[in-house]
Amino acid sequence: MDTRRCLVVEAIDVDVVVIGGGPAGVAALAQLGDAGLTAIGFERDADMWPTARAVHFDGETMRSLQRLGVAEQFAGITVPMRSVEIINEAGEVLVHADTDRLGSQAWSDHISFHQPDIERLMRTVVDAAEGVELRLGHRVTGVHEIDGAVNVRTVDREGAERVTVARWVIAADGARSETRQRLGITGEKFGEDAQWLVVDGQLVDAPGYAADMVQLGAYTRPALWLRLPGTRVRMEFMLMPGDDPDEIVTPEAIERLSRGVLPADRFAPDRRAIYTFRGRIAERWRDGRIFLVGDAAHQAPPLFGQGLCAGMRDVENLVWKLDLVARGKADESLLDTYESERKPHATYWVETAANQAVIIQTTDPVVAAQRDEFIKAHPEASAEPSAPPLGPGLHEGDRDERAGRLGMQPILADGVRLDDMVRRRFLVATTRELYDGLSDDVKSILDADDETVVLLDPAKVSQLLDDVGASAVVHRPDHYVLGVADTPADLERLVRRIPTLAPSPAAVAAQAN
C-alpha cells in the first residue's frame, strides 16, 4: 500500500463546509455563494443519485430559488399540482381540493418535479457561483471543533486525505447523518414507523388518477399517488403482513397493488424501493459551530410533501444569519436563533404528517369507515394545515401573532415580484405618514444601512400592509415577519431590533463600563 496517499496533503480555510450534496446541501452552497461567503461542499457519492426521492415543493421554496435567479428555469422543468384528493376503499372521493393557483408567495403553492432534474440545475448554480464548490467522491471522516474553527477531514476516491478548516459546518448529510451520529445527537420519534414500497416510472397511454395527488385510504392497502412532469408518476403502497419483498416489486405485483392504475404493459418503472415512513426530530440542531439541516435534523412521512421544503427553510433561515455574523454586521448570538426558530416549526410538520399517516394507514375496516364518515361530514378537517409560526427568536411573535410568520410577496403592477427589488435584505414597508413620524435619528440610521430597504410607495406596500392589517411591517431576509406597527414608537422599536441597526452586546457592555 502506498502510504503517501493517506497523508493530509492540504488545508483550506473557508467560511463554511457543507457536508452532503443532496438538495439541501447544494441549496446551502448556492445560497452561501449568493451571499458572498466562501464554502466547499463534500459529497461521498461520485455520481448524482439517478432516481427521484423528493417530488414536491411549495411556493416558499420557489421564492428561495427566485433569490438565486433560477426560479423561472425551475418552473420550466416542474409542474404545478392542479388538485389533491382523499379516496377511500370503495373509490369514493372524500375530499377534493383545487390547488392550481398562485399563492401568497407569488408562486404556485404545490409543485411537482423529478428530483434528478432539480439537482442537476442546482449544481449548475453552484458551478457558476464564485467562492463555492462541490467536491464529489469525497467522504467526510471526521469533524472536530478546535480553537474557534472546525477541522473537517475528508478522503477522496484515490485515498488522499485532506483537512479543510472552516468557521462553520452545515451538515446536510441525510437521514442517516454520520455527522449527527459522531456528535452523539439522538432523536425524538413521532408516530409509528411503517414499511412502504415506492414506485416511480413512466406511465404511457393510461389515465392514472384524475387528481395530481391522491391519498388512498384503502384499509386493505393504504397507498399514495402523484403525477409528476411529463409522463412520470409515483405510487406508494404500504406493506402488509405476508408480502414477499421480492415478488412485490415485479410488474405484475405493481399492477395488482395499483388496482390496474399502473398496467404492466404501459408502466415502465425506473425505481422500486422499500423504505420506512418515519417521523423524527433531532434533539439538538447545533453543536458549537456545526449546524444540522434537512433530513439530518428532521424526517417526516410524505403526506404533506414538506420534507424537502423544510430543508430549504433550514437553509434560508441559517445562511443570512451566517452572512451577517461573518461580515461583522451582527453578533454571534444571532446564530442561537436558528434552532430555537426552526425546530418548533419543523416539529409541527413532522407531528402533523405523522398524525395524518395514522389516519391514512389504518387497516381496520371499522375504524376506516368511521374515518370516512367523519371526513364526509367535516371535509374542512382534512384541509392542508396552515403553516405554523417560527419558534422564539428574532421576531415579536411573543407579543403579536402576526409576527414570526412567513410574509407574502406581492407581484407589482409591472409584473415584477417584490423580492427582485429587495434581495437578501431587511424590508421596512410602511405608510409615508407613519415614516414621517419617526425621529430624525431613526431615519438617518435607516438611510445609512445597506442591509435594509425602506418602501413607502403605496403601489409597492399596500398588499404587504393589508396582509398583516397594520400601518407598517418589517420582513427579515428570509421573508418572515419580524413585527408589525401602527405607531412611530412601535416602528422605531422594530427598527432597532434589526441586527445591523442594533448595538452589539459587546458595544453595550463597553458603553456600560
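This passage walks through a protein model, from its overall form to its main sheet and a few individual residues.

The model is a predicted one, so local features are described where pLDDT is at least 70 and side-chain atom pairs count at pLDDT 80 or more, while totals for chains, interfaces and linings use all residues. Residues are numbered from 1 along each chain as its sequence is written, and side-chain values use heavy atoms, with hydrogens and water left out.

The overall form comes first. The protein holds 15 helices and 23 strands; here helices (H or I, at least four residues) and strands (E, at least two) are DSSP runs, numbered from the N terminus. The radius of gyration is 24 Å, close to the 24 Å that the globule rule gives for 513 residues, so the protein is as compact as a globular protein of that length. For this comparison the radius is taken over C-alpha atoms, and the rule is 2.2 Å times the number of residues to the power 0.38. Along the principal axes, the C-alpha atoms fill a box of roughly 75 × 70 × 40 Å.

Surface and interior can be described in a similar way. Of the 513 residues, 54% count as buried, where buried means under 20% relative accessible area, exposed means over 50%, and partly exposed lies in between (1.4 Å probe, protein chains only). The protein exposes about 21600 Å², and carbon and sulfur atoms supply 50% of that area. Accessible areas come from the Shrake-Rupley method with a 1.4 Å probe, and for residues only the protein chains shown count as cover. Contacts, meaning heavy atoms within 4.5 Å, often link distant parts of the sequence: among those between residues at least 6 apart, 73% join residues at least 24 apart. As for charge, the mean positions of the 56 positive and 83 negative charges are 3 Å apart. Lys and Arg count as positive and Asp and Glu as negative, with His and the chain ends not counted; each charge is placed at NZ of Lys, CZ of Arg, CG of Asp or CD of Glu.

The next feature to find is a sheet. Strands of a sheet pair through backbone hydrogen bonds, either parallel or antiparallel. In this model, eight strands form an open sheet in the order S6-S5-S13-S14-S15-S12-S16-S19, with mixed pairing. S6 and strand S19 (298-299) are the edge strands, each pairing on one side only. Two strands are said to pair if DSSP finds at least two bridges between them. Strand S12 (residues 187-203) and strand S16 (residues 267-282) are antiparallel and share 14 bridges; in one of these, Gly 187 has Ala 282 of S16 as its partner. S12 also runs antiparallel to strand S15 (residues 232-238), to which seven bridges join it, and here Asp 200 stands opposite Arg 234. The parallel sense appears between strand S5 (residues 83-88) and strand S13 (residues 213-217), joined by five bridges, with Ile 86 opposite Gln 215.

Several loops adjoin these strands. Asp 212 sits in the loop between S12 and S13 and is buried at 4% relative accessibility. Leaving out residues up to four places away in sequence, Asp 212 touches Pro 80, Met 81, Arg 82, Ser 83, Trp 225, Leu 226 and Arg 227. Ser 108, in the loop between strand S6 (93-98) and strand S7 (111-112), is likewise buried, with a relative accessible area of 11%. Beyond its neighbours within four places in sequence, the contacts of Ser 108 include Asp 58, Pro 80 and Arg 101. Glu 283 follows in the loop between S16 and strand S17 (286-287) and is partly exposed at 36%.

Two further loop residues show a backbone angle worth a look. Most residues other than glycine have a negative phi. Arg 423, however, has a positive phi of about 60°; this residue lies between helix H10 (419-422) and strand S20 (426-430) and is partly exposed at 35%. His 479 also has a positive phi, near 80°. The loop that holds His 479 runs between strand S22 (472-475) and strand S23 (481-485), and at 7% relative accessibility the residue counts as buried.
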